[in-house]
Amino acid sequence: MIDSHCHLDHEPLFENLSNVVSRSKEIGITKLLTICTTLDSFHKIKIIVKKDKIIYGTFGIHPHETENNKVDKQTIIKSIKENDKIIGIGETGLDFFYNRSNKDRQISSFRDHIEASIELNKPIIIHSRNAEEETFDILNSYKKNNLKILMHCFTGSLVFSKKLLTLNAYFSASGIITFKNSTNLQNTFSTIPLEKLLIETDSPFLAPIPMRGKNNEPSYIKYTLSKLANLQNLSEEKMISITTNNFNNLFF
């Protein structure tokens, strides 16, 4: 298994990193991708990826952080080129759920990340919330560039997923698919082509059932994997093989 999206720089994961990685290996995790959200986050990630061979990282600025963490395309490119264990760009994207006051700044930052991903030919990890139309329109404007798109913690509509498939996007399932009130999302993930599926924890957030309410960690990914296998009518072993191969095809 591979956790395609975790935040090992966040507490309580960072202070317990050795134990977190140990428990990950015990359940069969072979790679952890720890995701950058701020410039301070990246400083920690550069340290974290040296701690164990299974840990890889990204560079990017979360849409909520774009006002206080301004980067341009060249900064993104330079940060990634300096470390061969930094294998992706993000998380970036658009989030208009809480407020839309920095909408223009989010869009500008998103485009910088996309253009860096094109130049580097690296996958871009995208966060999209209350911004389906805007997210798709921006990505579609770069369609000719054959973007490597990963929709992180996908919670979008079935219609949105079908539009993104025209851009060859991948979709990562989080613990949200285990929640009882996520029927629509479960239905969407049951329709996504197998070759486009990944799994993630987004830890320390969004712990899956039966761990909901606890601090999430990568080893809990087994519950999301099990639910996704059930939605696609596959064995867990087959789903592990599929999602692992998909991650490796996208990032390596």
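This report walks through the cores, the open and enclosed spaces, and the cysteines of a predicted model.

**The nonpolar interior**

Let us start inside. The largest nonpolar core holds 62 residues, and Leu8, Leu139, Ile149, Met151, Leu164 and Phe189 are the ones that touch the most other members. Helix α8, which spans residues 221–231, gives the most to this core, with five residues. There is also a second, separate core of 12 residues, which includes Leu150, Tyr170, Leu198 and Leu250.

Phe189 is a good place to pause. Leaving aside residues up to four places away in sequence, Phe189 touches Phe154, Phe171, Ser172, Ala173, Ile177, Leu197, Leu228, Leu231 and Gln232.

Ile199 is another residue worth a visit. Ile199 sits in strand β8, residues 197–199, and is buried, with a relative accessible area of 1%. What does Ile199 touch, not counting residues up to four places away in sequence? Its contacts are Met1, Ile2, Asp3, Ser4, Ser172, Ala173, Ile221, Thr224, Leu225, Leu228 and Thr243. With Ala173, the separation is 26 residues in sequence, while the C-alpha atoms are 4.8 Å apart in space.

**Pockets and a cavity**

Now for the empty spaces. The table sets out their volumes and the classes of residue that line them.

| Space | Volume | Lining residues by class |
|---|---|---|
| Largest pocket | about 600 Å³ | seven nonpolar, 12 polar, six charged |
| Second largest pocket | about 170 Å³ | seven nonpolar, three polar, two charged |
| Largest cavity | about 40 Å³ | five nonpolar, five polar, no charged |

Which residues are closest to the centre of the largest pocket? Of the 25 residues that line this pocket, those are His62, Asp95, His127, Arg129 and Asp202. Strands β4 (86–95) and β5 (124–129) each supply at least two residues of the lining, and β5 provides the largest share, three residues.

The second largest pocket is lined by Leu139, Tyr142, Lys143, Asn146, Leu147, Lys148, Ile149, Thr166, Leu167, Asn168, Tyr170 and Leu250. Some of these names have come up before: Leu139 and Ile149 are among the residues that touch the most other members of the largest core, while Tyr170 and Leu250 belong to the second core.

As for enclosed space, the count comes to one cavity of 30 Å³ or more. Its lining is made up of Ile126, His127, Ser128, Met151, His152, Cys153, Phe154, Thr155, Gly156 and Phe160. Here too β5 gives the largest share of the lining, three residues. His127 lines this cavity and is also one of the residues closest to the centre of the largest pocket. Met151, likewise in the cavity lining, is among the residues with the most contacts to other members of the largest core, and Phe154 is one of the contacts of Phe189.

**The cysteines**

Finally, a word on sulfur. How many disulfides does a search of the whole structure find? The result is zero. Cys6 is in no disulfide, and the nearest cysteine sulfur, that of Cys36, is 13 Å away. Why is Cys36 not bonded to Cys6? The two sulfurs are 13 Å apart, which is too far for a bond, because a disulfide needs the sulfur atoms within 2.5 Å. Both residues are buried: Cys6 has a relative accessible area of 0%, and Cys36 also comes out at 0%.

Conventions
Residues numbered from 1 in each chain as written. Predicted model: local features only at pLDDT ≥ 70, side-chain atom pairs only at ≥ 80, totals over all residues. Heavy atoms only, no water. Buried < 20%, exposed > 50% of the residue type's maximum accessible area, 1.4 Å probe, protein only. Core = buried A, V, L, I, M, F, W, Y, C linked by side-chain atoms within 4.5 Å. Helix = DSSP H or I, 4+ residues; strand = E, 2+ residues; numbered from the N terminus. Contact = heavy atoms within 4.5 Å. 1 Å grid on protein atoms, 1.4 Å probe; cavity = no way out; pocket = protein on both sides within 12 Å on 5 of 7 lines; lining within 4 Å. Points joined across faces, edges and corners; volume = space filled by probe spheres on them. Nonpolar A, V, L, I, M, F, W, Y, C, P; charged D, E, K, R; others polar.
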